[in-house]
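Colleague: I would like a close look at one part of this model, the helical packing and what it touches. Please take it piece by piece.

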Amino acid sequence: MQKIFKSILSFCLAIAVCLGTAAICGATQYQVADAATVDTYYNGITATGGTQLLGQLHDLITTTHTYYTSYNDCKADNAKKTDPGSKSNTVMEFYTHIDIDASKWDVSGGWNREHVWAKSDSNGLWETSGAGSDLHHIRPAEKDLNNHRGNMKYGEVTDGKEEYTSVSHVLGGHSSGSSTTGTFEPLDNVKGDVARILMYVYTHYNTYSNSIFGGNATTNGKGNGSYFGTINFTHIVRASNEDAAKQLLLKWNKLDPVDQIEIDRNNAVYAIEHNRNPFIDNSSYADAIWGGGTVDPNPGPGPTPGPSDTLQSIRLNATSLNLGVGDTYNLTVTPTPSNASKSVIWYSYDDSVATVSDDGIVKATGAGTTAIAAISTVNSSIRATATVTVKKDSPTPTPSGTFEAGTYRLALNITASDITKKLYFTGSLDGNNYGLTTTDVNNAAEVVAEKVGDGYTLKVGGKYLELEKATNSYGSTVSRIVLSGSSSGKWSYDSDLKVLTWTLTVNGKSYYLGSYTNSSGKTFETISSSETKYISGTNAENVGVTQFPVSFEKIGGEVPPTPDKLQEIYINPSEFELAKGESTKLTITSVPSTARAEVVWSSSDTSVVTVSQEGVVTAISAGTATIMAVCKGSDLIWAAATVTVTEDEPVVIVSQTAQAFHNAVAAINAKGSFTEFRTTINTAIEAYKKLSEADKKEVSSDIDKLNAIIVIYNELVKVCNGAADDADKSALNGAGRFV
Amino acid sequence: MKIKKSIPVILAACAAVAVVGGCATDDSSKYDELNAKLDLNYSKIVLTVTDKFDEDMVLTDEYEMTFSGGVVTVNYSVERFAEISLDSAAAEKITIEGKAAVMGGKITYIRGEEVSLDALIAGSGLNFKKEYFSYAELTDSRLKADVTNPGGFMGSSSLSCTDMKVNAAFGDAFNTVTITYTAQGGNEVEYLYTFTV
């Protein structure tokens, strides 16, 4: 639509979205689980804050802690109760929330016990007993991720690296520094969990006589005296002092509110150990003790624990993906209600475009578009899909010249192990025994490539790397590598196969490199693909070429090669939903895939979502916002993604007519044509007419939203009609000459 | 009511001036001739106004003026976008049709829904003046030009627009006058005056 009409529409739609939602931003929600249990358990807590409250809670959770679990109790049997995954016989990994096979105990790609408050940071207070085996504290963690985190302190990482699970390659957090002295920052949706666990451990295992209780704690309960001592938050939190450490944990406590997973877990551990984590039951306690707040004596009911509610729907963390061939993306499922089963079967409609694993990991296999479906195992009619578009990689480098002249390092790709290795030249530069090897040996010289015309020359130490036919000491005809002062041939690059090829033609026949053994008995390993054949004997002159699968890396400090020119970028996912407080990390796909894209991230509405410069999006409040990624140095190359933040607990709609109306309102499209805008509104109106009075109560917020959108539409109509009136008036003015 | 002249009178007047010797066929006089053509007795003039807001947002209005016995009869058909309410989904547009008569400076609505025709009475009308145009191509049968003074040309001081252009086809009388411009709101407007002698 023309400029003025688009500006009217976008402004008013922002209002419409606000009108259509019931979110009230900024209010801290304190939730209490299992009201009946809580009422009884916390009967003796009379303090409203400070050290008095801290002391009372210490007494309570230590005296009710009547069963101290052993370290052995923290394995699969209990982990499946306290941290069940979405599928049977799986456990939920703490930092990523992915499912791990419960039987994969203490192996790479499997899981083991994570001391959230690391043993090495416990001031010597625990190893594998006391807090060291307290189920409120011990969580399943992916083994390699656990190792990476080591005993890093928790904190905020501003310039670190990403930490992934080793097999599923799911992001688990960020870290900087070593595993013994570094800092680990969990994802936003885990920060609150970490904070509340640390608060529990601090409150429980500081001995009652410590000054932190101000004399208000009187006992250590039934635990062995050796379990108790002195621990400070600065032992486990990266902060300048104790107050700063507390403030960070209070911040995380608010950023990531208590969720049903924590509530269920608190109940499960309670059933085993007979004590509870009070900071989950009433998250106002933390503020009241360390933040100057007061206890909310009657916090509203939180998510109801108990048997799982009937699954109503599922949604994926992405509804649209743009990938390059070979890219992967981990789709995850969120059920409605949140405590319903999220067990699904994953299905790809076209494996030639993208495959999907049992864990929801999508892998792009070929250019095209397809859909990935998640089908509930509880109710197969409940499904969610994501569209996957796979772009064909721009071949690079190409003989046509897009791969610019310069100096490059060859990286040799070994198909069998899928490990990229460098291509080195080893052996005497002056003798007759030459070879190419992939191992990094001492004094090995790297092979570099220079583009010449539509092919490449290879050089080692300034001399050309050539192949020639020769006769070895056994009288066999072989090919060998020589270094010469001039180049007699070219290496050509097959951009589809990504293979560097040498063809040496002698007397009309082609020869190629294989492995051979020199007179000293040293064998140079072949670096060619399995198609390579050897030349030996008088009849073994096979036709073929020597192929080295390679990729090119820019070498710094030499004739600066021009990197592959970035043409465009995509954000993945390009459309997604988050619940308030949830986080996800966006990725960038570059075209061509070998071009580098460094971007600046921004959010169109930071009251709805924020985005870090690592691409981590955090949902703040309900609404819709656009995330932009703009390339540094070229703001003409950019991409956008749309994110919708929903309420913590999506509205459960029972009636089908109400659901149909809800869907119709959600489908109103103001971004397309005027016709589509009007048509989608009309569809919603038709659905509205079918609502009963009871239905209307269920979807009252959607009715408000539709009314607001109708107001916007009619405003647009009035503006356009007014402009048409003005045009007619001028035209009639012109015709006034005739009357 | 404006004085309408017949074609022969116009030609005779110009010829007389030419004989006197004061009326050389310079540009200015050609524009005067165009104005004179506007004042001829046409039996019908149809004004079609097209407003384009987007590819699928176009409004077309038509005013058919017929002249007889000192009365101008206006048959009009005006499109406007329809508003929506929760009670009913709406069609894209509504069409307002009607008939009015203009006589003695007054408008009398005969049938149908009323639209505003006041500008027809109040407007001074089209005015071809050389200084209103630039890049003009003026021949014996056509004028194509950029309009640098839209308000003066249209006889409407309140008109605010950009890129107004005119393309008029004529012989002894006008065949068509097409005027296009971009309105302040960004919508593209076209006026088509079609003349029938």
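Modeller: What follows goes from the chain as a whole to one pair of helices, then to the core and the contact between chains.

This is a predicted model, in which local features need pLDDT of at least 70 and side-chain atom pairs count only at pLDDT 80 or more, while totals for chains, interfaces and linings use all residues. Residues are numbered from 1 along each chain as its sequence is written, and chains are lettered from A and ligands numbered from 1 in the order in which they are written.

Chain A has 14 helices and 42 strands; these are DSSP runs numbered from the N terminus, with helices being H or I of at least four residues and strands E of at least two. Of the 739 residues in chain A, 43% are buried, that is, 20 or more other C-beta atoms, placed from the backbone, lie within 10 Å of their own.

Now the pair. Helix H11 (residues 656–666) of chain A packs against H12(A) at an angle of about 165 degrees, and their axes are 8 Å apart. Axes here are lines fitted to C-alpha atoms over the stretch in contact, and angles run from 0 to 180 degrees between N-to-C directions. H11(A) and H12(A) are therefore roughly antiparallel, a label for angles over 145 degrees. On the H11(A) side the contact is made by A:Ala660, A:Phe661, A:Ala664 and A:Val665, and on the H12(A) side by A:Thr683, A:Ala684, A:Ala687 and A:Tyr688; contact means C-beta atoms, placed from the backbone, within 7 Å. By class, this contact has seven nonpolar, one polar and no charged residues. Nonpolar covers Ala, Val, Leu, Ile, Met, Phe, Trp, Tyr, Cys and Pro, charged covers Asp, Glu, Lys and Arg, and the others, Gly among them, are polar.

A:Phe661 and A:Ala684 reappear, with A:Ile681 and A:Tyr713, as the residues with the most contacts inside the largest nonpolar core, which has 77 residues. Such a core is a set of buried Ala, Val, Leu, Ile, Met, Phe, Trp, Tyr and Cys residues joined through C-beta atoms within 7 Å. Its largest share, 15 residues, comes from helix H14 (residues 700–735) of chain A.

Leaving aside neighbours within four places in sequence, A:Ile681 is in contact with A:Ile668, A:Ile709, A:Ile710, A:Tyr713 and B:Ile84.

The contact between the chains takes 37 residues from chain A and 43 residues from chain B. Helix H1 (3–20), helix H12 (674–689) and H14 of chain A each supply at least two residues of the side that touches chain B. H14(A) gives the most to that side, with 19 residues.

Technical notes:
Buried ≥ 20, exposed ≤ 12 C-beta atoms within 10 Å, placed from the backbone. Contact = placed C-beta atoms within 7 Å. Parallel < 35°, antiparallel > 145°, perpendicular 65-115°, else oblique.
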